[in-house]
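Biologist: Please take a close look at one chain of this model. Then show me how its partner meets it.

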Amino acid sequence: MADTNDTQWPVFEVFHQQARGEPHVHVGSIHAPDGETALMLAKEQYGRRQACVHMWVVPTDAILATDYEDADIFEHGTDKSYREAFGYQTTKRAREIGDEDEL
Amino acid sequence: MIETQTTKGTQETTDMAQKTTQQTLSPQIKSAVIDLLYRLADDNLALGHRNSEWTGLAPIIEADIAFSSMAQDKMGHALTFYKLLESLGEPAPDAQAFLRLADAFHCCSLVCLERGDWALSIVRHFFFDEAMAVRCQALMTGRYAPLAEVAAKLRGELKYHVMHGRLNVTKLGRGTEESHARMQTAVDRLFPHALGMFEPTEADQTIANAEIQPREADLCKAWRDRVEPILHEAGLSVPAQAQPVYGGRAGKHPATFARLLEDMQEVYRLDPAAKW
């Protein structure tokens, strides 16, 4: 994954969390000599304009990823709708039998 | 942490009721508070301007963004102090920043010095922000409520400035031979000026007696207690027997300050009545 033409410092991917409890979202990447510095610089580069309560930096090298060439492995060749929960009408049935706990 | 006689545990709620507002300041205390506010405002204005001189020129783009953003923070802090001054009857912030002459400013010599190399600016930023943090911590528990509120407002941004300063001093102090040498040169040059941040003025005792802020000498000691271990950690030595450079609080500034003002005030002075 490393670009051998890149003469800059190692790259870190930056993730920020807009509010506690929300998922961390990938916002971009940053060059830095080490993780501590990456975090310090990312605070301004990615935190100064948008709401943020928490930030991660991850060395790009630490990320293992699939290839876009293999995007087809995620496609469903056969019907997998049985994995979806639309068949389980729990709220409707709970109302029918008066299950207060479920509601 | 500076301890004042005021807020401690259960005393806190009674103390909050006893905090003063500008309506209840006696003329003598009000004059002392104004003196303090000008020092804080002018320091932040000058340093914000100085640090903005790195915009576009910092060693790497990410550092440029961070340093420029912190310079903007400093301007915001200066404005907050100037607004508090205005509420106490002083002129409007723009007039204070852009129309006053050099000898009317009360900033310390540390913030007036030229941009220098990156090491100098980083060491200055570290020295200044540790001092602001110590001062604001003290003001937050001080008896002058409007200033305590302002200090609380600046806390988050200052926290980052302190983190940034410490990280850079440590990394550069222990980096390469060159970075270490430049950092040590900067520390040797700036330490006496940094001590000058705590130059006592006539307001010193009045403010301490009113429990608004501890004496400058006490703040200086607290500052040294924070700063020296970090310098040591960074492999940097503190100049022995450093003598503070005073004069800034009395309006006596190095020649570099006149040039800073010329630069900063030029556009505004072309047409003070202009609407931006």
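Modeller: Start with contacts inside chain A. Among its contacts with a separation of 6 or more, 44% join residues 24 or more positions apart. Two residues are in contact if their C-beta atoms, placed from the backbone, lie within 7 Å. The model is predicted: local features need pLDDT of at least 70, side-chain atom pairs count only at pLDDT 80 or more, and totals for chains, interfaces and linings use all residues. Residues are numbered from 1 along each chain as its sequence is written, while chains are lettered from A and ligands numbered from 1 in the order in which they are written.

Chain A has two helices and three strands. Their order along the sequence is β-β-α-β-α. Helices (H or I, at least four residues) and strands (E, at least two) are DSSP runs, numbered from the N terminus.

Now the overall form. The radius of gyration of chain A, taken over C-alpha atoms, is 22 Å, against near 13 Å for a compact globule of 103 residues. That globule rule is 2.2 Å times the number of residues to the power 0.38. The C-alpha trace of chain A spans about 65 × 35 × 20 Å along its principal axes. Buried residues make up 15% of the 103 in chain A. Buried means 20 or more other C-beta atoms within 10 Å of the residue's own, with C-beta atoms placed from the backbone.

Next, the partner. Chain A offers 11 residues that are in contact with 10 residues of chain B. On the chain B side, α3 (61-87) and α7 (145-173) each supply at least two residues.

Notes:
A residue is buried if 20 or more other C-beta atoms lie within 10 Å of its own, exposed if 12 or fewer, and partly exposed in between; C-beta atoms are placed from the backbone.
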